[in-house]
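Work through the following exercises with the sequence and the coordinates side by side. Each task is followed by a solution that proceeds in steps.

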Amino acid sequence: MICGRYRISNATPRSRPLECPPVDEAFGRFLNIVDVEATCWAKSPPPGESSEIIEIGVCVVDTDGWRRVERRRILVRPRRSQVSPFCTELTGLTQAQVDGGMEFATACALLCDELRGRFRTWASWGEYDRRQFERQCATAGVGYPFGSRHINVKERFATAFGLRCGVGMSRALAHAGLPLEGRHHRGDDDARNIAAIVVELARLRQPITG
């Protein structure tokens, strides 16, 4: 996720939902942990550019036993911005890589269909990922791929550990005695690490359900 001191575009209203096929899994059984990376700049965006999602990481948690059971990485081709050197340094993603990604609308359809986005509760570290999806769906006229049940794991972690305010994901891992797996600021790695925190919260009898 890219937030804090990094520049992102302004919020826009939520777009219409996607129509997704019916599912044959028990409600609440699986939880989608989502983390996005977006185009970003050390200072202000260049004229005419705004931040766009370039990578979506998803880690599916099975709440029956609280296990990480699936991992996805989706590259998305930006249309209104370029990958800056700062963005490459932060995420490891290059313009050439994301040029080979799928359209944002296709990525949203994949989330809705293959990952049951409208049916499953989803979670992210903080509110940035949710707002970025809402913003970009509205701007692009693309159906919103999730339902209304979103959980802010950052807030839940702070409450569980008695912290006065939320902390970054890597700091939370250290606080919980968990390793950082992979590279920070890569969508699939961050989603997997957030999922590890979710599993740990369940082990501590503070599952992020509801």
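**Exercise 1.** Is Phe146 buried or exposed?

Solution. The model is a predicted one, in which local features need pLDDT of at least 70 and side-chain atom pairs count only at pLDDT 80 or more, while totals for chains, interfaces and linings use all residues. Residues are numbered from 1 along each chain as its sequence is written, and side-chain values use heavy atoms, with hydrogens and water left out. With a relative accessible area of 1%, Phe146 is buried, a class that means under 20% relative accessible area, against over 50% for exposed and partly exposed in between (1.4 Å probe, protein chains only). Tyr144 also counts as buried, at 1% relative accessibility. Across the 210 residues of the protein, 50% fall into the buried class.

**Exercise 2.** Describe the aromatic pair that Tyr144 and Phe146 form, and place both residues in their cluster.

Solution. Rings of Phe, Tyr and Trp (its six-membered ring) pair if their centres lie within 6.5 Å, and planes under 30 degrees apart count as stacked, over 60 as edge-to-face and the rest as tilted. Searching the whole structure gives 8 aromatic pairs. In the pair of Tyr144 and Phe146, the distance is 5.8 Å centre to centre and the angle between the planes is 80°, an edge-to-face arrangement. Both residues belong to one aromatic cluster, together with Phe104, Trp122 and Phe133.

**Exercise 3.** Explain why Cys40 and Cys87 do not form a disulfide.

Solution. A disulfide is counted for a pair of cysteine sulfur atoms within 2.5 Å, and the structure holds 0 of them. The cysteine sulfur closest to that of Cys40 is in Cys87, and because the distance is 3.8 Å, it is too far for a bond. Read from the other side, the sulfur of Cys87 has that of Cys40 as its closest cysteine sulfur, again at 3.8 Å. Cys40 counts as buried, at 0% relative accessibility, and so does Cys87, at 0%.

**Exercise 4.** Which residues of helix 6 are buried, and how are they arranged around its axis?

Solution. Helices (H or I, at least four residues) and strands (E, at least two) are DSSP runs, numbered from the N terminus; the protein has 7 helices and 5 strands. In helix 6, the buried residues are Met169, Ala172, Leu173 and Ala176. Seen down the axis, they fall within an arc of 100°, so they line one face of the helix; the arc is that of the directions from the helix axis to the C-beta atoms. These buried residues pack against helix 5 (153-160) and helix 7, whereas Arg171 and Ala174, on the other side of helix 6, are exposed. Just after the helix, Gly177 takes a positive phi of about 75°.

**Exercise 5.** Where do Trp66 and His185 lie, and what is the sign of phi in each?

Solution. Most residues other than glycine have a negative phi. Trp66, although not a glycine, has a positive phi of about 50°, and this residue is found in the loop between strand 2 (53-62) and strand 3 (67-75). His185 has a positive phi of about 70° and lies in the loop between helix 6 (169-176) and helix 7 (187-203). Trp66 counts as buried at 18% relative accessibility, and His185 at 14%.

Technical notes. Contact = heavy atoms within 4.5 Å.
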